[in-house]
Amino acid sequence: MQNKNLPPENKSSKLTRRDFIAAASTAFMVPTIVPSSVFGANAPSNRINIAQIGCGNQSRADLPGMLRLADAQVVAVCDVNKASGGYARKEHFLGRDPAQKKVNQYYANKVRSGKYQGCDAYSDFRDVLAREDIDAVMITLPDHWHALATVKACEAGKDVYCQKPMSLTVHDGQQMIKAVRKHNRILQTGSQYRSNKVVRRMCELVRNGRIGEVKRVVSIINGSGAGPGPGWQEMPVPAGFDYNMWLGPAPMVPYHSDRCFYRFRFHLDYSGGQVTNTGAHSTDIIQWALDMDGTGPVEFENQPGVVWPPKGHLYTTAMKTDFRARYANGIEFICRTQEPGFGARIEGTEGWVQFSVNNMREVEASSDAIKNSVIAADEIHLPVSENHYQNFIDSVKSRKDPIEPVEAGHSTASICHLGNIAMRLKRKLKWDPEKEQFIGDDEANQMLQRPYRAPWKI
(Lines give C-alpha, C1' and ligand atoms only; values in the text may rest on other atoms or scores of the structure.)
Protein backbone atom coordinates (compact mmCIF):
# COMPACT_ATOMS: atom_id res chain seq x y z
CA MET A 1 0.00 0.00 0.00
CA GLN A 2 1.32 3.44 -0.91
CA ASN A 3 0.12 6.16 1.44
CA LYS A 4 1.93 9.42 2.07
CA ASN A 5 0.00 9.84 5.32
CA LEU A 6 1.56 6.76 6.93
CA PRO A 7 4.02 7.40 9.76
CA PRO A 8 7.71 7.18 8.84
CA GLU A 9 8.22 3.71 10.29
CA ASN A 10 5.51 2.34 8.01
CA LYS A 11 7.00 3.98 4.95
CA SER A 12 10.24 2.12 5.55
CA SER A 13 8.33 -1.14 6.12
CA LYS A 14 6.68 -0.75 2.72
CA LEU A 15 10.08 -0.66 1.05
CA THR A 16 10.96 -3.86 2.87
CA ARG A 17 7.64 -5.32 1.80
CA ARG A 18 8.36 -4.63 -1.89
CA ASP A 19 11.76 -6.26 -1.53
CA PHE A 20 10.09 -9.23 0.15
CA ILE A 21 7.52 -9.60 -2.62
CA ALA A 22 10.14 -9.32 -5.34
CA ALA A 23 12.18 -12.10 -3.75
CA ALA A 24 9.20 -14.29 -2.95
CA SER A 25 7.75 -14.08 -6.46
CA THR A 26 10.61 -16.23 -7.78
CA ALA A 27 10.23 -18.88 -5.11
CA PHE A 28 7.01 -20.48 -6.37
CA MET A 29 5.88 -22.07 -9.58
CA VAL A 30 2.73 -19.95 -9.40
CA PRO A 31 2.51 -16.24 -8.51
CA THR A 32 2.34 -15.25 -4.85
CA ILE A 33 0.65 -11.97 -5.72
CA VAL A 34 -2.57 -12.15 -7.69
CA PRO A 35 -2.23 -10.38 -11.07
CA SER A 36 -3.68 -6.89 -11.32
CA SER A 37 -6.25 -8.19 -13.80
CA VAL A 38 -8.03 -9.82 -10.85
CA PHE A 39 -8.36 -6.54 -8.99
CA GLY A 40 -8.90 -4.09 -11.85
CA ALA A 41 -7.16 -0.80 -11.15
CA ASN A 42 -5.82 -2.00 -7.82
CA ALA A 43 -2.18 -2.80 -8.51
CA PRO A 44 -0.27 -4.82 -5.89
CA SER A 45 1.27 -1.66 -4.42
CA ASN A 46 -2.22 -0.24 -3.79
CA ARG A 47 -3.69 -3.31 -2.10
CA ILE A 48 -3.73 -4.10 1.60
CA ASN A 49 -2.13 -7.43 2.50
CA ILE A 50 -4.25 -9.22 5.09
CA ALA A 51 -3.67 -12.19 7.39
CA GLN A 52 -6.55 -14.08 8.96
CA ILE A 53 -5.66 -15.04 12.55
CA GLY A 54 -8.23 -17.55 13.73
CA CYS A 55 -9.91 -19.84 11.21
CA GLY A 56 -12.89 -21.04 13.21
CA ASN A 57 -16.59 -20.32 13.19
CA GLN A 58 -16.56 -16.56 12.57
CA SER A 59 -13.95 -16.87 9.84
CA ARG A 60 -16.69 -18.40 7.71
CA ALA A 61 -17.97 -14.83 7.33
CA ASP A 62 -14.81 -12.78 7.82
CA LEU A 63 -12.58 -14.59 5.37
CA PRO A 64 -14.95 -14.50 2.36
CA GLY A 65 -15.88 -10.93 3.29
CA MET A 66 -12.27 -9.85 2.95
CA LEU A 67 -11.58 -11.98 -0.14
CA ARG A 68 -14.32 -10.17 -2.05
CA LEU A 69 -12.69 -6.75 -1.64
CA ALA A 70 -10.85 -5.49 -4.70
CA ASP A 71 -8.28 -3.52 -2.71
CA ALA A 72 -7.31 -6.25 -0.24
CA GLN A 73 -5.46 -9.53 -0.62
CA VAL A 74 -5.36 -12.36 1.91
CA VAL A 75 -1.78 -13.65 2.00
CA ALA A 76 -1.78 -15.74 5.18
CA VAL A 77 -4.03 -17.66 7.55
CA CYS A 78 -3.27 -18.85 11.08
CA ASP A 79 -4.90 -21.22 13.56
CA VAL A 80 -3.73 -23.62 16.28
CA ASN A 81 -6.08 -26.21 14.78
CA LYS A 82 -4.90 -27.88 11.60
CA ALA A 83 -8.39 -29.03 10.59
CA SER A 84 -11.39 -30.59 12.31
CA GLY A 85 -15.10 -30.55 12.97
CA GLY A 86 -16.58 -29.58 16.32
CA TYR A 87 -17.65 -26.06 15.46
CA ALA A 88 -21.11 -24.45 15.53
CA ARG A 89 -22.58 -27.02 13.17
CA LYS A 90 -21.66 -30.63 12.51
CA GLU A 91 -21.08 -29.97 8.81
CA HIS A 92 -18.46 -27.29 9.53
CA PHE A 93 -14.91 -28.52 8.96
CA LEU A 94 -12.55 -25.68 9.78
CA GLY A 95 -8.97 -24.82 10.71
CA ARG A 96 -5.89 -23.40 9.02
CA ASP A 97 -5.66 -25.99 6.24
CA PRO A 98 -9.28 -25.57 5.04
CA ALA A 99 -8.85 -21.78 5.27
CA GLN A 100 -5.65 -21.85 3.24
CA LYS A 101 -7.33 -24.05 0.64
CA LYS A 102 -10.29 -21.66 0.46
CA VAL A 103 -8.06 -18.65 -0.15
CA ASN A 104 -5.90 -20.34 -2.76
CA GLN A 105 -8.94 -21.70 -4.57
CA TYR A 106 -10.64 -18.31 -4.56
CA TYR A 107 -7.70 -16.62 -6.26
CA ALA A 108 -7.04 -19.61 -8.53
CA ASN A 109 -10.57 -19.22 -9.90
CA LYS A 110 -9.67 -15.69 -10.94
CA VAL A 111 -6.40 -16.27 -12.79
CA ARG A 112 -6.02 -17.62 -16.30
CA SER A 113 -3.85 -20.57 -15.27
CA GLY A 114 -6.35 -21.69 -12.66
CA LYS A 115 -3.48 -22.24 -10.23
CA TYR A 116 -2.51 -20.29 -7.15
CA GLN A 117 -0.58 -21.20 -4.00
CA GLY A 118 0.23 -17.76 -2.58
CA CYS A 119 -1.50 -18.03 0.80
CA ASP A 120 0.68 -19.32 3.63
CA ALA A 121 -0.63 -21.13 6.73
CA TYR A 122 0.74 -20.76 10.27
CA SER A 123 0.01 -22.24 13.68
CA ASP A 124 1.55 -19.38 15.73
CA PHE A 125 0.25 -15.85 15.19
CA ARG A 126 3.64 -14.41 16.13
CA ASP A 127 5.07 -15.84 12.92
CA VAL A 128 2.42 -13.93 11.02
CA LEU A 129 3.23 -10.68 12.81
CA ALA A 130 6.92 -11.12 11.93
CA ARG A 131 6.15 -10.79 8.21
CA GLU A 132 6.89 -7.27 7.04
CA ASP A 133 4.75 -7.63 3.91
CA ILE A 134 1.53 -7.98 5.96
CA ASP A 135 -0.29 -4.68 6.53
CA ALA A 136 -3.22 -5.77 8.69
CA VAL A 137 -4.63 -8.75 10.54
CA MET A 138 -8.14 -10.01 11.17
CA ILE A 139 -8.30 -11.39 14.71
CA THR A 140 -11.05 -14.01 14.87
CA LEU A 141 -9.82 -15.79 17.99
CA PRO A 142 -11.64 -16.71 21.22
CA ASP A 143 -12.17 -13.62 23.37
CA HIS A 144 -9.39 -14.42 25.85
CA TRP A 145 -6.86 -13.95 23.03
CA HIS A 146 -8.15 -10.64 21.67
CA ALA A 147 -6.08 -8.31 23.83
CA LEU A 148 -2.78 -10.17 23.55
CA ALA A 149 -3.04 -10.62 19.79
CA THR A 150 -4.13 -7.01 19.27
CA VAL A 151 -1.38 -5.49 21.41
CA LYS A 152 1.30 -7.59 19.74
CA ALA A 153 -0.10 -6.75 16.30
CA CYS A 154 0.04 -3.04 17.09
CA GLU A 155 3.61 -3.40 18.33
CA ALA A 156 4.45 -5.09 15.03
CA GLY A 157 2.97 -2.19 13.07
CA LYS A 158 -0.15 -4.00 11.89
CA ASP A 159 -3.65 -2.59 11.72
CA VAL A 160 -6.34 -4.74 13.30
CA TYR A 161 -9.86 -5.93 12.59
CA CYS A 162 -10.82 -7.51 15.93
CA GLN A 163 -13.97 -9.54 16.33
CA LYS A 164 -16.50 -8.61 18.98
CA PRO A 165 -16.57 -8.58 21.92
CA MET A 166 -13.41 -6.54 21.69
CA SER A 167 -12.06 -7.80 25.01
CA LEU A 168 -12.42 -10.40 27.77
CA THR A 169 -12.12 -7.88 30.61
CA VAL A 170 -12.28 -4.14 31.16
CA HIS A 171 -8.54 -4.09 31.84
CA ASP A 172 -7.81 -5.89 28.57
CA GLY A 173 -9.83 -3.29 26.69
CA GLN A 174 -7.84 -0.50 28.31
CA GLN A 175 -4.58 -2.10 27.19
CA MET A 176 -5.91 -2.43 23.65
CA ILE A 177 -6.74 1.28 23.52
CA LYS A 178 -3.27 2.17 24.77
CA ALA A 179 -1.59 -0.02 22.15
CA VAL A 180 -3.71 1.24 19.26
CA ARG A 181 -3.12 4.90 20.10
CA LYS A 182 0.54 4.54 21.09
CA HIS A 183 1.46 2.85 17.82
CA ASN A 184 -0.90 4.90 15.60
CA ARG A 185 -2.80 1.87 14.43
CA ILE A 186 -6.30 1.42 13.02
CA LEU A 187 -8.65 -0.91 14.90
CA GLN A 188 -12.08 -1.87 13.65
CA THR A 189 -14.28 -3.79 16.11
CA GLY A 190 -16.24 -6.55 14.39
CA SER A 191 -19.63 -5.17 15.41
CA GLN A 192 -20.89 -5.26 11.86
CA TYR A 193 -24.36 -3.94 12.59
CA ARG A 194 -22.94 -0.41 12.47
CA SER A 195 -22.60 -1.13 8.76
CA ASN A 196 -26.28 -2.11 8.50
CA LYS A 197 -28.55 0.49 6.94
CA VAL A 198 -31.59 -0.56 9.02
CA VAL A 199 -29.62 -0.13 12.25
CA ARG A 200 -28.27 3.21 11.07
CA ARG A 201 -31.81 4.34 10.23
CA MET A 202 -33.08 3.35 13.68
CA CYS A 203 -30.25 5.16 15.43
CA GLU A 204 -30.86 8.30 13.39
CA LEU A 205 -34.54 8.25 14.34
CA VAL A 206 -33.53 8.15 18.00
CA ARG A 207 -30.81 10.78 17.65
CA ASN A 208 -33.24 13.14 15.93
CA GLY A 209 -35.90 12.87 18.63
CA ARG A 210 -38.54 10.90 16.71
CA ILE A 211 -39.43 8.85 19.81
CA GLY A 212 -39.13 11.83 22.15
CA GLU A 213 -36.97 11.68 25.25
CA VAL A 214 -35.43 8.23 25.65
CA LYS A 215 -36.48 6.55 28.88
CA ARG A 216 -35.55 2.88 28.54
CA VAL A 217 -33.45 0.63 26.30
CA VAL A 218 -33.53 -3.15 26.09
CA SER A 219 -30.66 -5.33 24.87
CA ILE A 220 -32.37 -8.59 23.89
CA ILE A 221 -30.14 -11.66 23.74
CA ASN A 222 -30.21 -15.41 23.28
CA GLY A 223 -30.09 -18.09 25.93
CA SER A 224 -27.75 -21.08 26.11
CA GLY A 225 -27.45 -24.55 27.61
CA ALA A 226 -25.53 -25.97 30.56
CA GLY A 227 -23.11 -28.19 28.64
CA PRO A 228 -22.01 -31.67 29.73
CA GLY A 229 -23.30 -32.55 33.21
CA PRO A 230 -21.65 -33.76 36.40
CA GLY A 231 -19.14 -36.52 35.82
CA TRP A 232 -18.01 -35.22 32.42
CA GLN A 233 -14.71 -36.81 31.46
CA GLU A 234 -11.49 -35.39 30.09
CA MET A 235 -10.99 -36.17 26.40
CA PRO A 236 -7.80 -36.82 24.44
CA VAL A 237 -6.58 -33.76 22.57
CA PRO A 238 -7.23 -34.24 18.83
CA ALA A 239 -4.27 -34.66 16.50
CA GLY A 240 -3.26 -31.41 14.86
CA PHE A 241 -4.68 -29.26 17.65
CA ASP A 242 -2.28 -27.29 19.88
CA TYR A 243 -4.42 -27.17 23.01
CA ASN A 244 -1.78 -25.49 25.17
CA MET A 245 -1.49 -22.66 22.65
CA TRP A 246 -5.29 -22.46 22.38
CA LEU A 247 -5.52 -21.92 26.14
CA GLY A 248 -2.71 -19.38 26.00
CA PRO A 249 -3.18 -16.95 28.91
CA ALA A 250 -6.12 -18.91 30.35
CA PRO A 251 -5.73 -21.51 33.14
CA MET A 252 -4.55 -25.02 32.28
CA VAL A 253 -7.56 -27.34 32.54
CA PRO A 254 -8.51 -30.78 31.14
CA TYR A 255 -9.44 -30.86 27.46
CA HIS A 256 -13.03 -31.37 26.40
CA SER A 257 -14.47 -30.77 22.94
CA ASP A 258 -17.22 -28.60 24.45
CA ARG A 259 -14.61 -26.27 25.90
CA CYS A 260 -13.06 -25.24 22.59
CA PHE A 261 -13.98 -24.21 19.06
CA TYR A 262 -17.43 -22.61 18.97
CA ARG A 263 -18.47 -23.46 22.56
CA PHE A 264 -15.61 -21.55 24.16
CA ARG A 265 -18.07 -18.67 24.60
CA PHE A 266 -19.92 -20.53 27.38
CA HIS A 267 -16.88 -20.56 29.67
CA LEU A 268 -16.01 -17.54 31.81
CA ASP A 269 -12.29 -18.26 31.37
CA TYR A 270 -12.58 -17.51 27.66
CA SER A 271 -15.72 -15.41 27.13
CA GLY A 272 -18.87 -13.98 28.71
CA GLY A 273 -21.64 -16.19 27.35
CA GLN A 274 -24.48 -14.73 25.34
CA VAL A 275 -23.97 -11.39 27.13
CA THR A 276 -20.79 -10.88 25.09
CA ASN A 277 -22.01 -12.83 22.07
CA THR A 278 -25.32 -11.53 20.69
CA GLY A 279 -25.37 -9.08 23.59
CA ALA A 280 -22.27 -7.36 22.25
CA HIS A 281 -24.23 -6.60 19.07
CA SER A 282 -27.48 -5.44 20.65
CA THR A 283 -25.69 -3.39 23.30
CA ASP A 284 -23.51 -1.78 20.64
CA ILE A 285 -26.58 -0.73 18.67
CA ILE A 286 -27.97 0.92 21.81
CA GLN A 287 -24.70 2.70 22.54
CA TRP A 288 -24.66 4.10 18.99
CA ALA A 289 -28.29 5.22 19.15
CA LEU A 290 -27.74 7.00 22.48
CA ASP A 291 -24.44 8.60 21.39
CA MET A 292 -22.72 6.95 24.35
CA ASP A 293 -19.48 5.77 22.72
CA GLY A 294 -16.66 6.28 25.19
CA THR A 295 -18.86 6.03 28.26
CA GLY A 296 -21.63 3.91 29.77
CA PRO A 297 -24.02 3.38 32.67
CA VAL A 298 -23.21 4.37 36.26
CA GLU A 299 -25.09 1.55 37.97
CA PHE A 300 -25.49 -2.20 37.42
CA GLU A 301 -27.78 -4.62 39.22
CA ASN A 302 -28.57 -8.32 39.11
CA GLN A 303 -32.21 -9.19 38.35
CA PRO A 304 -34.34 -12.25 39.29
CA GLY A 305 -34.43 -13.81 35.83
CA VAL A 306 -30.77 -14.93 35.80
CA VAL A 307 -30.28 -18.70 35.42
CA TRP A 308 -26.85 -20.29 35.89
CA PRO A 309 -25.79 -23.83 34.89
CA PRO A 310 -26.39 -26.37 37.68
CA LYS A 311 -23.38 -27.26 39.81
CA GLY A 312 -21.03 -29.71 38.16
CA HIS A 313 -21.87 -28.82 34.55
CA LEU A 314 -19.07 -27.83 32.20
CA TYR A 315 -20.38 -24.43 31.14
CA THR A 316 -19.98 -21.48 33.53
CA THR A 317 -21.76 -18.55 31.84
CA ALA A 318 -25.39 -17.56 32.44
CA MET A 319 -27.94 -19.69 30.61
CA LYS A 320 -30.49 -16.88 30.92
CA THR A 321 -29.41 -13.27 31.37
CA ASP A 322 -31.18 -10.59 33.36
CA PHE A 323 -29.46 -7.44 34.58
CA ARG A 324 -30.39 -3.79 34.85
CA ALA A 325 -28.20 -0.71 34.48
CA ARG A 326 -28.77 3.04 34.56
CA TYR A 327 -27.05 5.87 32.70
CA ALA A 328 -26.21 9.13 34.49
CA ASN A 329 -29.00 10.87 32.55
CA GLY A 330 -31.56 8.45 34.03
CA ILE A 331 -32.04 6.17 31.02
CA GLU A 332 -32.71 2.61 32.16
CA PHE A 333 -30.76 -0.18 30.43
CA ILE A 334 -32.10 -3.73 30.50
CA CYS A 335 -30.23 -6.79 29.20
CA ARG A 336 -32.18 -10.02 29.25
CA THR A 337 -32.87 -13.29 27.50
CA GLN A 338 -36.19 -13.20 25.65
CA GLU A 339 -37.74 -13.72 22.25
CA PRO A 340 -36.94 -13.11 19.43
CA GLY A 341 -33.47 -13.94 20.70
CA PHE A 342 -31.48 -10.95 19.47
CA GLY A 343 -32.47 -7.33 19.07
CA ALA A 344 -32.36 -3.82 20.46
CA ARG A 345 -35.39 -1.82 21.59
CA ILE A 346 -35.39 1.88 22.49
CA GLU A 347 -38.38 3.44 24.24
CA GLY A 348 -39.13 7.14 24.55
CA THR A 349 -41.85 9.52 25.63
CA GLU A 350 -43.31 9.61 22.08
CA GLY A 351 -42.98 5.95 21.08
CA TRP A 352 -40.44 3.22 20.47
CA VAL A 353 -38.23 1.72 17.77
CA GLN A 354 -36.72 -1.73 17.58
CA PHE A 355 -34.25 -3.70 15.49
CA SER A 356 -34.72 -7.46 15.37
CA VAL A 357 -32.51 -10.02 13.69
CA ASN A 358 -35.74 -11.70 12.55
CA ASN A 359 -36.69 -8.58 10.59
CA MET A 360 -33.62 -7.22 8.86
CA ARG A 361 -35.61 -5.34 6.21
CA GLU A 362 -36.95 -2.42 8.22
CA VAL A 363 -37.08 -0.63 11.53
CA GLU A 364 -39.95 -1.74 13.75
CA ALA A 365 -41.72 1.20 15.40
CA SER A 366 -44.72 2.06 17.52
CA SER A 367 -46.27 4.04 14.66
CA ASP A 368 -46.01 4.49 10.90
CA ALA A 369 -45.29 8.17 11.51
CA ILE A 370 -42.08 7.25 13.32
CA LYS A 371 -41.16 4.44 10.94
CA ASN A 372 -41.63 6.58 7.80
CA SER A 373 -40.25 9.82 9.19
CA VAL A 374 -37.87 11.64 6.85
CA ILE A 375 -34.52 12.73 8.27
CA ALA A 376 -33.91 16.21 6.85
CA ALA A 377 -30.59 17.27 5.39
CA ASP A 378 -29.88 19.62 8.31
CA GLU A 379 -30.56 16.93 10.96
CA ILE A 380 -28.18 14.37 12.45
CA HIS A 381 -26.84 11.85 9.95
CA LEU A 382 -24.58 9.07 11.19
CA PRO A 383 -21.50 7.92 9.25
CA VAL A 384 -22.38 5.63 6.38
CA SER A 385 -20.74 2.23 6.01
CA GLU A 386 -22.33 -0.34 3.72
CA ASN A 387 -19.61 -2.96 4.25
CA HIS A 388 -17.80 -3.40 7.57
CA TYR A 389 -14.73 -4.98 5.96
CA GLN A 390 -14.44 -2.30 3.27
CA ASN A 391 -14.83 0.36 5.94
CA PHE A 392 -11.79 -1.14 7.68
CA ILE A 393 -9.71 -1.21 4.50
CA ASP A 394 -10.70 2.37 3.70
CA SER A 395 -9.56 3.40 7.18
CA VAL A 396 -6.25 1.59 6.77
CA LYS A 397 -5.66 3.66 3.65
CA SER A 398 -6.91 7.01 4.96
CA ARG A 399 -5.54 6.57 8.52
CA LYS A 400 -8.88 7.81 9.84
CA ASP A 401 -10.88 5.90 12.45
CA PRO A 402 -13.38 3.32 11.16
CA ILE A 403 -17.04 3.27 12.09
CA GLU A 404 -16.36 1.16 15.22
CA PRO A 405 -13.00 2.34 16.59
CA VAL A 406 -11.27 0.88 19.61
CA GLU A 407 -12.88 3.22 22.16
CA ALA A 408 -16.39 2.36 20.95
CA GLY A 409 -15.66 -1.36 21.04
CA HIS A 410 -14.27 -0.99 24.55
CA SER A 411 -17.34 0.88 25.84
CA THR A 412 -19.72 -1.74 24.49
CA ALA A 413 -17.67 -4.68 25.74
CA SER A 414 -17.32 -3.05 29.16
CA ILE A 415 -21.09 -2.85 29.63
CA CYS A 416 -21.27 -6.58 28.91
CA HIS A 417 -18.45 -7.36 31.37
CA LEU A 418 -19.94 -5.18 34.11
CA GLY A 419 -23.35 -6.78 33.70
CA ASN A 420 -21.77 -10.21 34.05
CA ILE A 421 -19.99 -9.09 37.22
CA ALA A 422 -23.24 -7.76 38.72
CA MET A 423 -25.00 -11.06 37.97
CA ARG A 424 -22.18 -13.08 39.49
CA LEU A 425 -22.02 -10.97 42.66
CA LYS A 426 -25.82 -10.74 42.88
CA ARG A 427 -25.90 -7.13 44.08
CA LYS A 428 -26.14 -3.54 42.91
CA LEU A 429 -22.85 -1.98 41.85
CA LYS A 430 -21.98 1.70 41.41
CA TRP A 431 -19.69 2.41 38.45
CA ASP A 432 -17.53 5.43 37.60
CA PRO A 433 -17.27 5.46 33.78
CA GLU A 434 -14.56 8.14 33.86
CA LYS A 435 -12.18 6.27 36.17
CA GLU A 436 -13.51 2.88 35.02
CA GLN A 437 -13.77 1.60 38.57
CA PHE A 438 -16.53 0.37 40.84
CA ILE A 439 -17.20 2.76 43.68
CA GLY A 440 -16.49 1.35 47.13
CA ASP A 441 -16.37 -2.33 46.09
CA ASP A 442 -12.94 -3.95 46.14
CA GLU A 443 -14.28 -7.40 45.31
CA ALA A 444 -15.96 -6.14 42.15
CA ASN A 445 -12.87 -4.15 41.12
CA GLN A 446 -10.74 -7.28 41.36
CA MET A 447 -12.97 -8.83 38.68
CA LEU A 448 -12.07 -6.14 36.14
CA GLN A 449 -8.89 -8.04 35.32
CA ARG A 450 -7.84 -11.69 34.96
CA PRO A 451 -4.38 -13.07 35.72
CA TYR A 452 -2.53 -14.41 32.67
CA ARG A 453 -0.97 -17.86 32.71
CA ALA A 454 2.81 -17.69 32.28
CA PRO A 455 4.58 -16.93 30.08
CA TRP A 456 1.89 -14.76 28.52
CA LYS A 457 1.61 -11.12 29.54
CA ILE A 458 0.85 -7.66 28.17
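This is a short walk through one protein chain, from its overall form to its main sheet and then its largest pocket.

Before anything else, please keep in mind that this is a predicted model, in which local features need pLDDT of at least 70 and side-chain atom pairs count only at pLDDT 80 or more, while totals for chains, interfaces and linings use all residues. Residues are numbered from 1 along each chain as its sequence is written, and side-chain values use heavy atoms, with hydrogens and water left out.

Let me start with the whole chain. For 458 residues, a compact globule would have a radius of gyration near 23 Å, and the protein chain, at 22 Å, agrees with that; the radius is taken over C-alpha atoms, and the globule rule is 2.2 Å times the number of residues to the power 0.38. Along the principal axes, the C-alpha atoms fill a box of roughly 65 × 60 × 40 Å. Buried residues, meaning those under 20% relative accessible area with a 1.4 Å probe and protein chains only, make up 57% of the 458. If we take contacts, that is, heavy atoms within 4.5 Å, between residues at least 6 apart in sequence, 71% of them join residues at least 24 apart.

The chain has 14 helices and 15 strands, where helices (H or I, at least four residues) and strands (E, at least two) are DSSP runs numbered from the N terminus. Two strands are said to pair if DSSP finds at least two bridges between them. On that basis there is an open sheet of 9 strands with mixed pairing, in the order β13-β12-β11-β7-β10-β9-β8-β14-β15. Its edges are β13 and β15, each with a single partner strand, so one side of each is left without a neighbour in the sheet.

Now to the β13 end of that order. Is strand β12 (residues 351-356) enclosed or open? Of its 6 residues 5 are buried, so β12 is largely enclosed by the rest of the structure. β12 pairs with β11 (residues 343-348) in the antiparallel sense over 6 bridges, with Glu-347 and Trp-352 as bridge partners, and a hairpin with 2 residues joins these two strands. On its other pairing, β12 meets β13 (residues 359-365), again antiparallel, over 3 bridges. Strand β11 also pairs with β7 (residues 214-221), antiparallel over 6 bridges, and there Arg-216 stands opposite Glu-347.

At the β15 end, the side chains of β14 (residues 429-432) alternate: Leu-429 and Trp-431 point to one face and are buried, whereas Lys-430 and Asp-432 point to the other and are not. In the hairpin of β14 and β15, with 4 residues between the strands, Glu-436 takes a positive phi near 55 degrees.

Finally, the largest pocket, which has a volume of about 790 Å³. A pocket here is an open set of points on a 1 Å grid over the protein atoms alone, where a 1.4 Å probe fits, with protein on both sides within 12 Å along at least five of seven lines, and lining residues have an atom within 4 Å of a point; the volume is the space filled by probe spheres set on the points, which are joined across faces, edges and corners. The lining has 40 residues, of which Asn-57, Gln-58, Thr-140, Phe-264 and Arg-265 lie nearest the centre, and α9 (243-247) and α10 (278-290) each supply at least two lining residues.

Notes
Buried means under 20% relative accessible area, exposed over 50%, partly exposed in between (1.4 Å probe, protein chains only).
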